Amino acid sequence: MPFITETKDLGRIFGSGSAAVHALQGIDLQVEKGKLLVLRGRSGSGKTTLLNLLGGLDRPTSGEVYFQGTEIGRLPNRNRTKIRRQGMGFIFQSFGLFPLMSAAENVEFGLRLSKVAAREWKTRINESLELVGLSKRAHHRPYEMSGGEQQRCAIARAVAHRPQLLLADEPTAELDSKTGRKISRVFRKLVEEEGMSIIMTTHDPSVMEVADIVYELEDGTIRQSMLA
């Protein structure tokens, strides 16, 4: 069975000696392609640390992390950056949009970073904004959009280069429940219509309702949740 990402006995320790904090220990995780997986757990349970390791933003203290069969945990920074920019997309709860750029320009910036050919920009921008229902807001700047529209713009930017894996850290945390449900449907659409694989951390019930599988993190360990 093809896995988009996989970990083997993954561990991450911060600090050393008596001050060492075991953020993750013995994590074995396999994520199938074209699935939406949710990581839930209390603050400090290791969710964001695991997401950072899966995305190559951090290095493991022990164990291995694979992306499409390549062990990325110990690759040089340059190689990991290339993999992230071309094969992954990232969404954060703070949106991370450039305030003086329009929605279309924010998406274009993501395409530039991912080294997508300039001749494809217009098509990719239009397709990604249409996918999240923001075609009519293409020329609006973030301060002219609602929180939900800003988050949808962040999603459009993250998926415009067509990543195989989308990683999202609490993407609906700053949104009201109605808007959160709309965003959840966007994620489900990305999985079903685009064949994207999505891993996200969340406490939002509306997101967990559309997930294929839910994992619970507690004290740095992982187990499949009874909610799945």
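**Two backbone oddities and two nonpolar cores**

In this predicted model, Q68 turns up in the loop that links strand 4 (62-67) to strand 5 (70-71). Its phi is positive, at about 50°, even though Q68 is not a glycine. Q68 also counts as partly exposed, because its relative accessibility is 38%, a value that lies between the 20% limit for buried and the 50% limit for exposed. D9 has a positive phi too, near 50°, and again the residue is something other than glycine. D9, though, is placed in strand 1 (residues 3-14).

Now for the inside of the protein. The largest nonpolar core is made up of 41 residues, and L36, L129, I155, L166, F187 and L190 have the most contacts inside it. Plenty of elements chip in with at least two residues each: strand 3 (36-40), strand 7 (165-169) and strand 8 (197-201), along with helix 3 (103-113), helix 4 (121-131), helix 5 (147-159), helix 6 (177-194) and helix 7 (205-209). The top contributor is helix 5, which gives six residues to this core.

L36 is worth a look of its own. Setting aside neighbours within four places in sequence, L36 touches F187, R188 and V191, then I198 and M200, and finally the run V210, A211, D212 and I213. One of these contacts, I213, belongs to a second, separate core of 24 residues, which also includes I4, V31 and L53.

Technical notes:
Residues are numbered from 1 along each chain as its sequence is written. This is a predicted model: local features need pLDDT of at least 70, side-chain atom pairs count only at pLDDT 80 or more; totals for chains, interfaces and linings use all residues. Side-chain values use heavy atoms; hydrogens and water are left out. Helices (H or I, at least four residues) and strands (E, at least two) are DSSP runs, numbered from the N terminus. Buried means under 20% relative accessible area, exposed over 50%, partly exposed in between (1.4 Å probe, protein chains only). A nonpolar core is a set of buried Ala, Val, Leu, Ile, Met, Phe, Trp, Tyr and Cys residues joined through side-chain atoms within 4.5 Å. Contact means heavy atoms within 4.5 Å.
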